[in-house]
Amino acid sequence: MQLLNGTLRCFQALHAAKLNLKCLVRPYPAAAGCNRCVEQQSRHYANVPALAMSHDQFDGPTPDASRSPLITMHGLFGSKQNWRSVSRALAKQTNRRVYTVDLRNHGDSPHADTHDSHGMTADLVAFTQAKSIPKACLMGHSMGGRAAMHFALNNPQLSERLIVVDISPVSIPGTIGEMGSIFSAMKNVSLPADLSLSKGRQAAKEALLQTVGSDSVDFILLNLRKRPQTGEFYWACNVDILHNSLPGFSNYGAHIANLPAFTGPTTFICGTHSPYMNPDDWPEVLKFFPNASLHWLDTGHLVHLEEPHKFIEIVTQFLNEP
(Lines give C-alpha, C1' and ligand atoms only; values in the text may rest on other atoms or scores of the structure.)
Protein backbone atom coordinates (compact mmCIF):
# COMPACT_ATOMS: atom_id res chain seq x y z
CA MET A 1 0.00 0.00 0.00
CA GLN A 2 1.36 3.36 -0.97
CA LEU A 3 0.68 5.73 1.90
CA LEU A 4 -0.33 9.19 0.76
CA ASN A 5 0.08 8.32 -2.90
CA GLY A 6 -2.49 10.93 -3.81
CA THR A 7 -1.31 13.67 -1.49
CA LEU A 8 -0.13 16.10 -4.11
CA ARG A 9 -3.18 15.55 -6.29
CA CYS A 10 -5.41 16.37 -3.34
CA PHE A 11 -3.47 19.59 -2.72
CA GLN A 12 -4.29 20.66 -6.25
CA ALA A 13 -7.99 20.00 -5.68
CA LEU A 14 -8.27 21.62 -2.28
CA HIS A 15 -9.01 25.13 -3.51
CA ALA A 16 -12.29 23.92 -5.03
CA ALA A 17 -13.53 22.37 -1.80
CA LYS A 18 -15.80 24.20 0.64
CA LEU A 19 -15.34 23.93 4.38
CA ASN A 20 -18.55 22.79 6.07
CA LEU A 21 -17.00 21.88 9.41
CA LYS A 22 -17.50 23.49 12.81
CA CYS A 23 -14.75 24.25 15.28
CA LEU A 24 -12.73 23.06 17.00
CA VAL A 25 -10.04 20.63 18.07
CA ARG A 26 -7.84 22.79 20.25
CA PRO A 27 -4.23 23.21 19.19
CA TYR A 28 -1.76 21.98 21.78
CA PRO A 29 -0.77 25.01 23.89
CA ALA A 30 2.54 26.56 22.96
CA ALA A 31 5.37 25.51 25.21
CA ALA A 32 7.92 28.03 26.33
CA GLY A 33 11.30 27.75 24.63
CA CYS A 34 14.29 26.89 26.73
CA ASN A 35 16.38 29.78 28.06
CA ARG A 36 19.54 28.76 26.25
CA CYS A 37 20.31 30.61 23.06
CA VAL A 38 22.51 29.14 20.40
CA GLU A 39 26.05 30.38 20.82
CA GLN A 40 26.66 31.37 17.24
CA GLN A 41 27.23 35.13 17.39
CA SER A 42 28.42 35.25 13.81
CA ARG A 43 25.06 33.96 12.54
CA HIS A 44 21.92 36.02 12.18
CA TYR A 45 19.89 33.37 14.04
CA ALA A 46 22.23 33.61 17.05
CA ASN A 47 19.54 35.12 19.30
CA VAL A 48 16.77 32.69 18.35
CA PRO A 49 15.80 30.71 21.49
CA ALA A 50 16.53 27.03 20.88
CA LEU A 51 14.00 24.35 21.80
CA ALA A 52 14.97 20.92 23.09
CA MET A 53 13.64 18.54 20.43
CA SER A 54 12.07 15.21 21.30
CA HIS A 55 14.05 12.42 19.66
CA ASP A 56 14.59 8.68 19.30
CA GLN A 57 17.97 6.98 19.08
CA PHE A 58 18.80 3.89 17.04
CA ASP A 59 21.97 1.80 17.23
CA GLY A 60 22.88 -1.23 15.18
CA PRO A 61 24.48 -4.39 16.65
CA THR A 62 28.00 -3.06 16.03
CA PRO A 63 27.90 0.76 16.23
CA ASP A 64 31.09 2.57 15.31
CA ALA A 65 31.56 5.53 17.67
CA SER A 66 34.13 7.04 15.31
CA ARG A 67 31.49 7.58 12.61
CA SER A 68 29.38 10.74 12.64
CA PRO A 69 25.76 10.07 13.60
CA LEU A 70 22.83 10.66 11.27
CA ILE A 71 20.13 13.16 12.31
CA THR A 72 16.86 12.64 10.42
CA MET A 73 14.12 15.28 10.07
CA HIS A 74 10.53 14.75 8.94
CA GLY A 75 8.32 16.91 6.76
CA LEU A 76 5.21 19.01 7.41
CA PHE A 77 2.52 17.11 9.38
CA GLY A 78 5.13 14.42 10.12
CA SER A 79 7.02 13.27 13.18
CA LYS A 80 9.94 11.10 14.20
CA GLN A 81 7.71 8.03 14.26
CA ASN A 82 7.43 8.18 10.44
CA TRP A 83 11.14 7.31 10.23
CA ARG A 84 11.48 4.46 12.73
CA SER A 85 11.74 1.53 10.33
CA VAL A 86 14.08 3.39 7.97
CA SER A 87 16.25 4.50 10.91
CA ARG A 88 16.56 0.98 12.33
CA ALA A 89 17.68 -0.31 8.94
CA LEU A 90 20.19 2.51 8.43
CA ALA A 91 21.67 2.09 11.91
CA LYS A 92 22.21 -1.60 11.20
CA GLN A 93 23.60 -1.20 7.69
CA THR A 94 25.86 1.82 8.28
CA ASN A 95 27.07 1.19 11.85
CA ARG A 96 26.20 4.80 12.59
CA ARG A 97 24.03 6.01 15.45
CA VAL A 98 20.80 7.41 14.02
CA TYR A 99 18.67 10.08 15.68
CA THR A 100 15.17 10.92 14.53
CA VAL A 101 13.85 14.22 15.85
CA ASP A 102 10.50 15.95 16.11
CA LEU A 103 11.07 19.41 14.71
CA ARG A 104 9.63 22.34 16.64
CA ASN A 105 5.84 22.59 16.50
CA HIS A 106 5.56 18.89 15.62
CA GLY A 107 5.16 15.59 17.43
CA ASP A 108 6.38 15.57 21.03
CA SER A 109 8.64 18.63 20.69
CA PRO A 110 7.75 21.98 22.28
CA HIS A 111 5.67 24.54 20.46
CA ALA A 112 6.93 28.03 19.66
CA ASP A 113 5.46 31.28 18.40
CA THR A 114 7.46 31.02 15.18
CA HIS A 115 8.29 28.34 12.65
CA ASP A 116 11.07 29.06 10.19
CA SER A 117 14.51 27.92 9.06
CA HIS A 118 16.31 30.09 11.62
CA GLY A 119 14.47 28.49 14.51
CA MET A 120 14.93 24.93 13.26
CA THR A 121 18.65 25.58 12.68
CA ALA A 122 18.98 26.95 16.23
CA ASP A 123 17.28 23.80 17.56
CA LEU A 124 19.63 21.56 15.58
CA VAL A 125 22.73 23.40 16.77
CA ALA A 126 21.52 23.04 20.36
CA PHE A 127 20.85 19.34 19.76
CA THR A 128 24.38 18.69 18.51
CA GLN A 129 25.77 20.58 21.51
CA ALA A 130 23.60 18.63 23.97
CA LYS A 131 24.68 15.32 22.44
CA SER A 132 28.36 16.41 22.10
CA ILE A 133 28.27 15.76 18.34
CA PRO A 134 31.23 17.50 16.67
CA LYS A 135 29.97 16.70 13.17
CA ALA A 136 26.74 15.12 11.94
CA CYS A 137 25.27 13.64 8.81
CA LEU A 138 21.91 15.25 8.08
CA MET A 139 18.86 13.86 6.31
CA GLY A 140 15.58 15.69 5.85
CA HIS A 141 12.38 15.20 3.91
CA SER A 142 10.49 18.16 2.44
CA MET A 143 10.32 20.79 5.22
CA GLY A 144 12.95 18.78 7.10
CA GLY A 145 15.11 18.78 3.96
CA ARG A 146 15.05 22.54 3.85
CA ALA A 147 15.94 22.65 7.55
CA ALA A 148 18.87 20.32 6.87
CA MET A 149 20.08 22.44 3.93
CA HIS A 150 19.81 25.65 5.94
CA PHE A 151 21.77 24.07 8.80
CA ALA A 152 24.54 22.77 6.51
CA LEU A 153 24.90 26.06 4.63
CA ASN A 154 25.16 27.99 7.90
CA ASN A 155 27.21 25.41 9.79
CA PRO A 156 29.52 23.53 7.41
CA GLN A 157 31.90 22.86 10.31
CA LEU A 158 29.15 20.78 11.97
CA SER A 159 27.99 19.00 8.81
CA GLU A 160 29.71 15.95 7.35
CA ARG A 161 27.16 14.83 4.75
CA LEU A 162 23.75 15.93 3.57
CA ILE A 163 20.79 13.91 2.27
CA VAL A 164 17.82 15.89 0.94
CA VAL A 165 14.60 14.00 0.22
CA ASP A 166 12.25 15.39 -2.43
CA ILE A 167 12.61 19.13 -1.98
CA SER A 168 14.47 21.82 -3.88
CA PRO A 169 16.29 24.79 -2.35
CA VAL A 170 15.42 26.81 -5.43
CA SER A 171 11.67 26.53 -6.01
CA ILE A 172 8.45 24.94 -4.78
CA PRO A 173 5.25 24.01 -6.63
CA GLY A 174 2.51 26.60 -6.69
CA THR A 175 0.16 24.22 -4.88
CA ILE A 176 2.03 24.68 -1.59
CA GLY A 177 -0.27 27.54 -0.64
CA GLU A 178 -3.29 25.28 -0.91
CA MET A 179 -2.10 23.46 2.19
CA GLY A 180 -3.82 26.31 4.00
CA SER A 181 -7.10 24.57 3.29
CA ILE A 182 -5.85 21.51 5.14
CA PHE A 183 -4.96 23.59 8.18
CA SER A 184 -8.35 25.31 8.06
CA ALA A 185 -10.07 21.94 7.98
CA MET A 186 -8.01 20.71 10.94
CA LYS A 187 -8.89 23.79 12.99
CA ASN A 188 -12.58 23.34 12.22
CA VAL A 189 -12.94 19.77 13.46
CA SER A 190 -15.12 19.44 16.58
CA LEU A 191 -15.06 16.28 18.72
CA PRO A 192 -16.87 15.62 22.02
CA ALA A 193 -14.56 14.77 24.90
CA ASP A 194 -16.53 11.62 25.76
CA LEU A 195 -15.52 9.88 22.53
CA SER A 196 -12.78 7.26 22.65
CA LEU A 197 -9.63 7.99 20.68
CA SER A 198 -10.55 5.45 18.01
CA LYS A 199 -14.07 6.84 17.61
CA GLY A 200 -12.71 10.39 17.68
CA ARG A 201 -10.31 9.58 14.86
CA GLN A 202 -13.14 8.07 12.83
CA ALA A 203 -15.30 11.16 13.37
CA ALA A 204 -12.38 13.45 12.50
CA LYS A 205 -11.69 11.40 9.40
CA GLU A 206 -15.27 11.78 8.21
CA ALA A 207 -15.10 15.53 8.80
CA LEU A 208 -11.72 15.99 7.09
CA LEU A 209 -12.78 13.94 4.07
CA GLN A 210 -15.12 16.78 3.15
CA THR A 211 -12.01 18.77 2.25
CA VAL A 212 -8.92 16.54 2.24
CA GLY A 213 -8.09 13.54 0.04
CA SER A 214 -8.48 10.11 1.67
CA ASP A 215 -4.79 9.17 1.45
CA SER A 216 -3.74 12.40 3.18
CA VAL A 217 -6.31 12.12 5.96
CA ASP A 218 -4.78 8.97 7.47
CA PHE A 219 -1.39 10.68 7.66
CA ILE A 220 -2.81 13.87 9.19
CA LEU A 221 -4.75 11.88 11.79
CA LEU A 222 -1.48 10.63 13.27
CA ASN A 223 -1.42 14.11 14.84
CA LEU A 224 -4.76 13.70 16.64
CA ARG A 225 -4.37 13.06 20.37
CA LYS A 226 -6.54 13.01 23.51
CA ARG A 227 -5.80 14.35 26.98
CA PRO A 228 -6.27 11.57 29.55
CA GLN A 229 -7.28 14.00 32.31
CA THR A 230 -10.07 15.82 30.45
CA GLY A 231 -10.74 13.73 27.34
CA GLU A 232 -10.17 16.81 25.20
CA PHE A 233 -8.90 16.15 21.67
CA TYR A 234 -6.01 18.20 20.30
CA TRP A 235 -3.55 18.27 17.42
CA ALA A 236 0.04 17.40 18.30
CA CYS A 237 1.33 19.75 15.62
CA ASN A 238 0.97 23.49 16.22
CA VAL A 239 -1.77 24.09 13.67
CA ASP A 240 -2.11 27.87 14.05
CA ILE A 241 1.61 28.66 13.87
CA LEU A 242 2.27 26.23 11.02
CA HIS A 243 -0.66 27.69 9.09
CA ASN A 244 0.69 31.20 9.59
CA SER A 245 4.18 30.10 8.53
CA LEU A 246 3.15 28.87 5.07
CA PRO A 247 4.25 32.08 3.27
CA GLY A 248 7.76 31.40 4.54
CA PHE A 249 8.01 28.36 2.29
CA SER A 250 8.03 30.74 -0.66
CA ASN A 251 10.67 32.97 0.93
CA TYR A 252 13.20 30.22 1.59
CA GLY A 253 15.51 31.36 -1.22
CA ALA A 254 16.02 34.72 0.47
CA HIS A 255 17.33 32.97 3.59
CA ILE A 256 20.10 31.16 1.72
CA ALA A 257 20.80 33.44 -1.26
CA ASN A 258 23.98 35.01 0.15
CA LEU A 259 25.38 31.99 1.98
CA PRO A 260 28.57 30.24 0.82
CA ALA A 261 28.05 26.91 -0.89
CA PHE A 262 28.16 23.72 1.16
CA THR A 263 30.91 21.64 -0.44
CA GLY A 264 30.48 18.45 1.57
CA PRO A 265 29.10 15.25 0.03
CA THR A 266 25.42 15.77 -0.74
CA THR A 267 22.73 13.71 -2.41
CA PHE A 268 19.14 14.46 -3.38
CA ILE A 269 16.62 11.61 -3.59
CA CYS A 270 13.45 12.66 -5.40
CA GLY A 271 10.22 11.20 -6.78
CA THR A 272 9.53 11.27 -10.50
CA HIS A 273 5.82 11.88 -9.82
CA SER A 274 6.39 14.69 -7.33
CA PRO A 275 6.54 18.39 -8.29
CA TYR A 276 8.87 19.30 -5.41
CA MET A 277 12.08 19.00 -7.45
CA ASN A 278 12.10 20.50 -10.92
CA PRO A 279 14.87 18.89 -13.03
CA ASP A 280 15.42 22.24 -14.73
CA ASP A 281 16.52 23.68 -11.35
CA TRP A 282 19.50 21.34 -11.03
CA PRO A 283 22.14 23.81 -12.30
CA GLU A 284 20.93 26.31 -9.67
CA VAL A 285 20.94 23.62 -6.98
CA LEU A 286 24.58 22.87 -7.77
CA LYS A 287 25.51 26.48 -7.03
CA PHE A 288 24.56 25.83 -3.40
CA PHE A 289 25.70 22.19 -3.29
CA PRO A 290 28.46 21.70 -5.90
CA ASN A 291 29.32 18.20 -4.65
CA ALA A 292 25.76 16.90 -5.02
CA SER A 293 24.32 13.89 -6.82
CA LEU A 294 20.69 13.32 -7.80
CA HIS A 295 18.66 10.11 -7.62
CA TRP A 296 15.17 9.63 -9.01
CA LEU A 297 12.76 6.95 -7.78
CA ASP A 298 9.39 6.02 -9.28
CA THR A 299 7.38 7.62 -6.45
CA GLY A 300 5.42 10.63 -5.37
CA HIS A 301 6.47 13.01 -2.62
CA LEU A 302 6.86 10.37 0.12
CA VAL A 303 9.86 8.66 -1.45
CA HIS A 304 10.97 6.84 1.70
CA LEU A 305 7.53 5.33 2.30
CA GLU A 306 6.68 4.39 -1.27
CA GLU A 307 10.04 2.77 -2.14
CA PRO A 308 11.64 2.06 1.26
CA HIS A 309 14.03 -0.69 0.11
CA LYS A 310 15.48 1.31 -2.78
CA PHE A 311 15.60 4.42 -0.61
CA ILE A 312 17.51 2.63 2.16
CA GLU A 313 19.90 1.15 -0.40
CA ILE A 314 20.76 4.60 -1.81
CA VAL A 315 21.20 6.19 1.61
CA THR A 316 23.27 3.28 2.92
CA GLN A 317 25.62 3.43 -0.05
CA PHE A 318 25.99 7.19 0.33
CA LEU A 319 26.71 7.01 4.06
CA ASN A 320 29.20 4.17 3.63
CA GLU A 321 31.24 5.94 0.97
CA PRO A 322 34.72 6.96 2.18
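**Briefing: a seven-strand open sheet and its helices**

Strand 3 (residues 70-73) and strand 4 (residues 98-101) run parallel and are joined by 4 bridges. Within this pair, Ile-71 has Tyr-99 of strand 4 as its bridge partner. The model is predicted. Its protein chain holds 12 helices and 10 strands.

**The sheet**
- Strands 3 and 4 belong to an open sheet of 7 strands.
- The strand order is 2-4-3-5-6-9-10, and the pairing is mixed.
- Strand 2 (55-58) and strand 10 (292-297) form the edges, each pairing on one side only.
- From one strand to the next, the twist averages 15°.

**Helices on the sheet**
- Helix 2 (residues 84-94) packs on the sheet. It touches strand 2, strand 3, strand 4 and strand 5 (136-141).
- The direction of helix 2 makes about 35° with that of strand 2.
- Helix 12 (residues 308-320) also packs on the sheet. Its contacts are with strand 3, strand 5, strand 6 (159-165), strand 9 (266-271) and strand 10.
- Helix 12 has a direction at about 160° to that of strand 6.

**The whole chain**
- The protein chain has 322 residues, and 55% of them are buried.
- Take the contacts between residues at least 6 apart in sequence: 78% of these join residues at least 24 apart.
- The exposed area of the protein chain is about 13800 Å². Carbon and sulfur atoms supply 50% of that area.

How values were computed: Residues numbered from 1 in each chain as written. Predicted model: local features only at pLDDT ≥ 70, side-chain atom pairs only at ≥ 80, totals over all residues. Heavy atoms only, no water. Helix = DSSP H or I, 4+ residues; strand = E, 2+ residues; numbered from the N terminus. Buried < 20%, exposed > 50% of the residue type's maximum accessible area, 1.4 Å probe, protein only. Contact = heavy atoms within 4.5 Å. Areas by Shrake-Rupley, 256 points an atom, 1.4 Å probe, with all protein chains shown as cover. Pairing = 2+ DSSP bridges. Axes fitted to C-alpha atoms, helices over the stretch in contact; angles between N-to-C directions.
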